[in-house]
There are 2 protein chains.
Amino acid sequence: MNKQASKVTSIVSESGQVPERRSLSTEAADALRELILLEKLAPGTPVPERDLAEGLGISRTPLKDALRILEVEGLIEYGPTRRPRVADPSLDEIEQNVLVLSALESLAGELACSSASDKQISEIGDLDRSMRDLPANSSALEFFHLDMEFHASIVAASRNEPLAQTHKQYNARLWRARFMSSRQQDRRENTLAEHAAITKALVARDAAATAKQLRKHLKSTIINLHHIRSADAKT
Amino acid sequence: MNKQASKVTSIVSESGQVPERRSLSTEAADALRELILLEKLAPGTPVPERDLAEGLGISRTPLKDALRILEVEGLIEYGPTRRPRVADPSLDEIEQNVLVLSALESLAGELACSSASDKQISEIGDLDRSMRDLPANSSALEFFHLDMEFHASIVAASRNEPLAQTHKQYNARLWRARFMSSRQQDRRENTLAEHAAITKALVARDAAATAKQLRKHLKSTIINLHHIRSADAKT
DNA sequence: TTGACACATTTTGCATGCAACACCTAAAGG
DNA sequence: CCTTTAGGTGTTGCATGCAAAATGTGTCAA
């Protein structure tokens with residue numbers, strides 16, 4: 001039945017992952033995402049399709065697709081007249097998103113306690129340790145990436161594909177906010193402590209505790225966002 | 001500053017809602033959704049773009065957009081070769097989706113307890129009552145629609161836009177499964193009892209109880225799905 | 001000076017054409 | 001008889017053109 005398996009389909013490049021056919025749309029989406037997240041494109045700026053397409057050297061068709069992708073990720077907003085802008089969420093909207101993210105992760109934690117393999121859990125522990133072992137002068141971006149990986153690996157351990165999908169969406173929406181939040185050196189200690197608590201509950205496969213710790217962790221993110229806002233208001 | 005407010009922008013047609021510009025893509029998406037949910041298009045069948053477009057009397061461009069919309073709703077799947085099919089989720093996948101839906105709704109319930117207006121809560125109570133007052137011979141579809149409205153109104157009461165958005169997505173994915181589940185007349189009693197418990201907790205604005213009842217309600221949906229499967233296996 | 005209207009420009013939605021890729025069938029070789 | 005391969009067919013990705021809608025601008029009247 002399964003014919004293509006007999007063929008030499010094993011052109012699998014590196015990891016065991018699906019090759020995931022590249023297309024101009026996804027590449028453009030990646031490029032745009034980078035531009036937006038690194039603030040090369042300020043929030044709220046209109047994004048005329050043609051200019052963008054020209055800038056990226058592609059036609060409008062795949063660019064439109066890219067904008068659609070970024071729309072579901074929440075990085076691009078469409079006005080009532082279908083003119084795309086870089087999303088500019090208010091603090092309130094960000095907070096609402098974090099609430100949902102929190103619920104998603106806490107579900108992931110619960111599920112991971114019963115569904116994760118021992119290997120997956122130990123990998124989460126590894127990530128936790130890597131973060132703690134990071135030198136104090138390491139870049140904010142480096143710390144941030146590990147932080148993201150830590151959370152993502154918990155979701156992966158839940159073995160719930162749609163959950164992972166949605167979690168990814170919300171993560172993308174909150175990338176900028178979380179990145180800003182993580183730039184404060186003095187937060188690291190706090191973050192590490194909370195990660196430790198999460199890891200501990202996870203290793204014990206204590207679903208209730210894991211969920212609780214994850215909620216607490218995300219909650220402190222919200223509080224931190226408020227602090228940043230007040231600090232910004234002063235300057 | 002705000003110029004357009006001074007103009008006679010009040011061409012708001014009927015409700016206070018945004019007119020929401022129609023486009024061929026969204027119309028096609030609606031049409032296709034209907035076809036899929038009513039099983040006019042069997043799960044797993046390939047969906048060649050050109051034929052579909054021709055059938056709907058539109059070109060491939062807007063149809064492609066429609067397929068994208070239905071993809072994020074989970075009704076259309078893209079194979080590794082970018083050939084679209086009607087999604088055919090396994091029972092296991094459906095269950096995973098229900099788990100996420102459950103977490104979303106229970107969060108919505110919690111938030112509704114603190115954020116909902118009294119009017120919103122009383123409307124939820126109205127819906128609960130409408131369902132109970134339905135005659136026993138009313139159609140499964142009628143009962144089902146009220147059921148959906150009940151859940152949707154709880155989410156709306158949470159006043160969390162992204163949550164509502166995501167909830168809608170998951171609802172769309174699970175439409176068929178939930179519809180099948182709701183066709184069993186003997187489930188009605190059970191559903192009504194659970195709805196009553198949810199409504200009661202909501203009226204009392206007891207966040208913990210609301211969340212708990214919602215989880216329980218969705219959990220019984222999962223169990224019911226298993227029953228349906230076993231029944232199907234026999235026939 | 002302010003407001004409204006009409007025209008010019010920009011920008012998106014949709015249709016269509018072409019090229020690359022995937023799939024199916026059938027013939028050739030083992 | 002089974003496997004492999006070559007060709008034909010169908011399907012999707014992308015580019016481009018056109019029309020409709022929206023925005024910006026300048027002029028005129030109150």
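## DNA strand D

Of the atoms of DNA strand D within 4 Å of the protein, 68% are sugar or phosphate atoms, and the rest belong to bases. In this predicted model, local features need pLDDT of at least 70 and side-chain atom pairs count only at pLDDT 80 or more, while totals for chains, interfaces and linings use all residues. Residues are numbered from 1 along each chain as its sequence is written, chains are lettered from A and ligands numbered from 1 in the order in which they are written, and side-chain values use heavy atoms, with hydrogens and water left out.

Strand D is surrounded by 20 residues, of which A:Leu24, A:Ser59, A:Thr61, B:Glu49 and B:Lys64 are the closest; a residue is near a strand or molecule if one of its heavy atoms lies within 4 Å of it. By class, this surface has six nonpolar, five polar and nine charged residues. Here Ala, Val, Leu, Ile, Met, Phe, Trp, Tyr, Cys and Pro count as nonpolar, Asp, Glu, Lys and Arg as charged, and the others, Gly among them, as polar.

Three contacts are worth a look on your screen. A polar backbone atom of B:Glu49 sits 3.0 Å from a phosphate oxygen of strand D, and an N or O atom in the side chain of B:Arg82 is 3.2 Å from a phosphate oxygen of strand D. B:Arg60 turns to a base instead: a polar side-chain atom of B:Arg60 lies 3.1 Å from a base nitrogen of strand D. The elements giving two or more residues to this surface are helix H2 (24-37) and helix H4 (60-72) of chain A, along with helix H3 (49-56) and helix H4 (60-72) of chain B. H4(A) has the largest share, three residues. Helices are DSSP runs (H or I, at least four residues), numbered from the N terminus.

## DNA strand C

Around DNA strand C there are 20 residues, and A:Glu49, A:Lys64, B:Leu24, B:Ser59 and B:Thr61 come nearest. Sugar or phosphate accounts for 72% of the strand C atoms within 4 Å of the protein, with bases making up the rest. The surface near strand C divides into six nonpolar, five polar and nine charged residues.

An N or O atom in the side chain of A:Arg60 is 3.1 Å from a base nitrogen of strand C. Phosphate oxygens of strand C have partners too: one is 3.3 Å from an N or O atom in the side chain of A:Arg82, and one is 3.2 Å from an N or O atom in the side chain of B:Ser25. At least two residues each come from helix H3 (49-56) and H4 of chain A, and from helix H2 (24-37) and H4 of chain B. The largest share, three residues, belongs to H4(B).

## Where the two chains meet

The size of an interface is often given as the accessible area lost when the parts come together. Chain B and chain A bury about 2,100 Å² between them, 56% of it on carbon and sulfur atoms (area accessible to a 1.4 Å probe that two parts lose on being put together, summed over both). On the chain B side, B:Arg68, B:Gln96 and B:Pro162 lose the most area to chain A, together 23% of what that side buries. In all, 26 residues of chain B are in contact with 25 residues of chain A (heavy atoms within 4.5 Å).

Two salt bridges cross this interface, a salt bridge being a side-chain nitrogen of Lys or Arg within 4 Å of a carboxyl oxygen of Asp or Glu. A:Arg68 forms a salt bridge with B:Asp65, with the closest N and O atoms 3.6 Å apart. There are also nine residue pairs in polar contact, both residues at pLDDT 80 or more. A polar contact is a pair of N or O atoms within 3.5 Å; within protein, one must be able to donate a hydrogen and the other to accept it, and residues adjacent in sequence count only if both atoms are side-chain atoms.

H4, helix H5 (91-115) and helix H8 (161-182) of chain B each supply at least two residues of the side that touches chain A. H5(B) gives the most, eight residues. That side of chain B has 12 nonpolar, six polar and eight charged residues.

## Two domains in chain A

Chain A is assigned domain 1 (24-86) and domain 2 (91-234), with bounds from an automatic or database domain assignment. Their centres, taken over C-alpha atoms, are 27 Å apart. Eight residues of domain 1 and five residues of domain 2 take part in the contact.

The two domains of chain A bury about 680 Å² between them, 61% of it on carbon and sulfur atoms. A:Leu37, A:Val72 and A:Glu73 supply 54% of the area that domain 1 buries against domain 2, more than any other three residues. One salt bridge is counted between the domains, and the side chains of A:Arg176 and A:Glu39 meet in a salt bridge (3.6 Å, N to O).
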